[in-house]
Amino acid sequence: MKIKGAVIYEQGGSFSLEPLELDEPRDDEVVVKIVGAGICHTDLGARDGHLPIPPPPSVFGHEGAGIVEKVGARVTKVKSGDHVVLAWNSCGACPSCKSGHDAYCLNFFLYNFHGARPDGSATLHKGEQVVHGAFFSQSSFADFALAQERNVVKVRDDVPLEILAPMGCGVMTGAGAVMNVLKPRPGASIAVFGAGTVGMSAILAAVVCGCTTIIAVDINAGRLEIARELGATHTVDAGKVDPVEAVREITGGGANFSLECVGNPKVLRQAVDVLTLLGVCGLLGVVPPGTEVGLNMDLLMNGRTVTGIIEGDAIPDLFIPKLIELYRQGRFPYDRLIQFYPFDQINQAVADMEKGHVIKPVLRM
């Protein structure tokens, strides 16, 4: 079918809206009319060649939300007209998937970063030219996306679809890191390094979990102000003070939990150094392959833990509806992070995001 997609023709280049051909759905696939698509730093990392993906031309986008247009013959999970959020894909057969940890699928790269279906067949063309698609099994920087039944999440139809788009990655990652992995008890303390979409979602989740000391650490004063409005009890401007000393002083010796949401070795070291005994640091920030960090081994010996977290270790079909219900109850106001842009202003949205002018840009198709 004929669609319009935002194509990257060279690493680090601008997005160009182009007419494309989207393959018809196979028996286990779903065509979704995209209503909204969030822009994530992972999309920009893919644009810049920081992920092991095929070279351009490519269509990215992995925070899509929309309405089911067509379904394959064997699809039973959704039907035409259903409202859906698109998440990542997984094989469903490896030990990680079978144990309920799809985000750690042993075939994750094949199903999400291959630039095509797992069997190598293309989903997008421009004339005779293959355009790499199937990014996170969706490539939702387009007015229509081809997904697989496994990564389509049916959602209620009384919540605006465009605000649900970030649920597919950024919001679920931050909230899931707190709710599914750290699991703080009421009264716990947590320091969140990086007040972007992931970090802010973690702060909102910490409020839901009953944390009583919630520290937002960033160098953007505007974001720190928003973090306070969303529930942070303290803020630390890491550009003006030593964040490690500041967090230790606020917590009286160290935080029970911390999250690194920046993707910076220096910041990860800080996030580990602020922990109290038996504290846990979650690593969420995406970095280029091979990035290394130096840690104080003596600190780790004293019961501290560093754990990597992908996609909030969530099961999207279960977790996204829970977050939506929290939003409906007014307990998870993540929509405060969103700024909308028309699809044809995608390059402006990216520029504003990179300059820190907006936390979560969402494209309206």
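Is aspartate 317 buried, partly exposed or exposed, going by its relative accessibility? At 34% relative accessibility, aspartate 317 counts as partly exposed, because that value falls between the 20% limit for buried residues and the 50% limit for exposed ones. The structure discussed here is a predicted model, and the points below take up its salt bridges, two helix contacts, a residue in a strand and some backbone features.

**Salt bridges**

- The structure holds 21 salt bridges, and one of them joins the side chains of lysine 77 and aspartate 317, with a distance of 3.0 Å from N to O.
- Lysine 77 is placed in the loop between β5 (64-71) and β6 (83-86), whereas aspartate 317 belongs to helix α11 (residues 316-328), so this pair ties together parts that are 240 residues apart in sequence.
- Like its partner, lysine 77 counts as partly exposed, with a relative accessibility of 28%, while the value for aspartate 317 is 34%.
- Arginine 336 forms a salt bridge with glutamate 229, and the closest N and O atoms of this pair are 2.5 Å apart.
- Because arginine 336 lies in the loop between α11 and β17 (338-342) and glutamate 229 lies in helix α7 (residues 221-230), the bridge ties together parts that are 107 residues apart in sequence.
- Both ends of this bridge are partly exposed, arginine 336 with a relative accessible area of 44% and glutamate 229 with one of 47%.
- Salt bridges that share partners also join Arg156, Asp158, Glu325 and Arg328 into one network.
- Within that network, arginine 156 is bridged to aspartate 158, the closest N and O atoms being 2.7 Å apart; arginine 156 is partly exposed at a relative accessible area of 34%, and aspartate 158 is likewise partly exposed at 46% relative accessibility.

**Helix α6 against helix α7**

- Two packed helices are described by the angle between their axes and the distance between the axes.
- For helix α6 (residues 197-209) and α7, the axes come within 10 Å and cross at roughly 20°, which makes α6 roughly parallel to α7, given that angles under 35 degrees are classed in this way.
- The crossing in which α6 passes α7 is right-handed.
- On the α6 side the contact is made by Met200, Ile203, Leu204 and Val207, and these meet Arg223, Ile226, Ala227 and Leu230 in α7.
- By class, the residues of this contact divide into seven nonpolar, no polar and one charged.

**Helix α5 against helix α6**

- Helix α6 also has a contact with helix α5 (residues 170-182), where the two axes come within 7 Å and cross at roughly 40°, and α5 and α6 are therefore oblique to each other.
- Here too the crossing is right-handed, with α5 passing α6.
- From α5, the residues Gly170, Val171, Thr173, Gly174, Ala175, Val178 and Met179 take part, and they meet Thr197, Val198, Ser201, Ala202, Ala205, Ala206, Val208 and Cys209 in α6.
- This contact has 10 nonpolar, five polar and no charged residues.

**Glutamine 339 in strand β17**

- Glutamine 339 lies in strand β17 and counts as partly exposed, at 35% relative accessibility.
- Although glutamine 339 and proline 361 are 22 residues apart along the chain, their C-alpha atoms are separated by 5.0 Å.
- Leaving aside residues up to four places away in sequence, glutamine 339 touches Val358, Lys360, Pro361 and Val362.

**Backbone features**

- Most residues other than glycine have a negative phi, and most peptide bonds are trans.
- The peptide bond from proline 56 to proline 57 is cis, with omega near 10°, and proline 57 is found in the loop between α1 (41-47) and β4 (58-59).
- Alanine 134 has a positive phi of about 55° although it is not a glycine; alanine 134 lies in the loop between β8 (129-131) and β9 (144-148) and counts as buried, at 9% relative accessibility.
- Phenylalanine 136 lies in the loop between β8 and β9, has a positive phi of about 55° without being a glycine, and counts as buried at 3% relative accessibility.

Methods. Residues numbered from 1 in each chain as written. Predicted model: local features only at pLDDT ≥ 70, side-chain atom pairs only at ≥ 80, totals over all residues. Heavy atoms only, no water. Salt bridge = Lys/Arg side-chain N within 4 Å of Asp/Glu carboxyl O. Helix = DSSP H or I, 4+ residues; strand = E, 2+ residues; numbered from the N terminus. Buried < 20%, exposed > 50% of the residue type's maximum accessible area, 1.4 Å probe, protein only. Axes fitted to C-alpha atoms, helices over the stretch in contact; angles between N-to-C directions. Parallel < 35°, antiparallel > 145°, perpendicular 65-115°, else oblique. Left-handed = near helix turned anticlockwise from the far one by under 90°. Contact = heavy atoms within 4.5 Å. Nonpolar A, V, L, I, M, F, W, Y, C, P; charged D, E, K, R; others polar.
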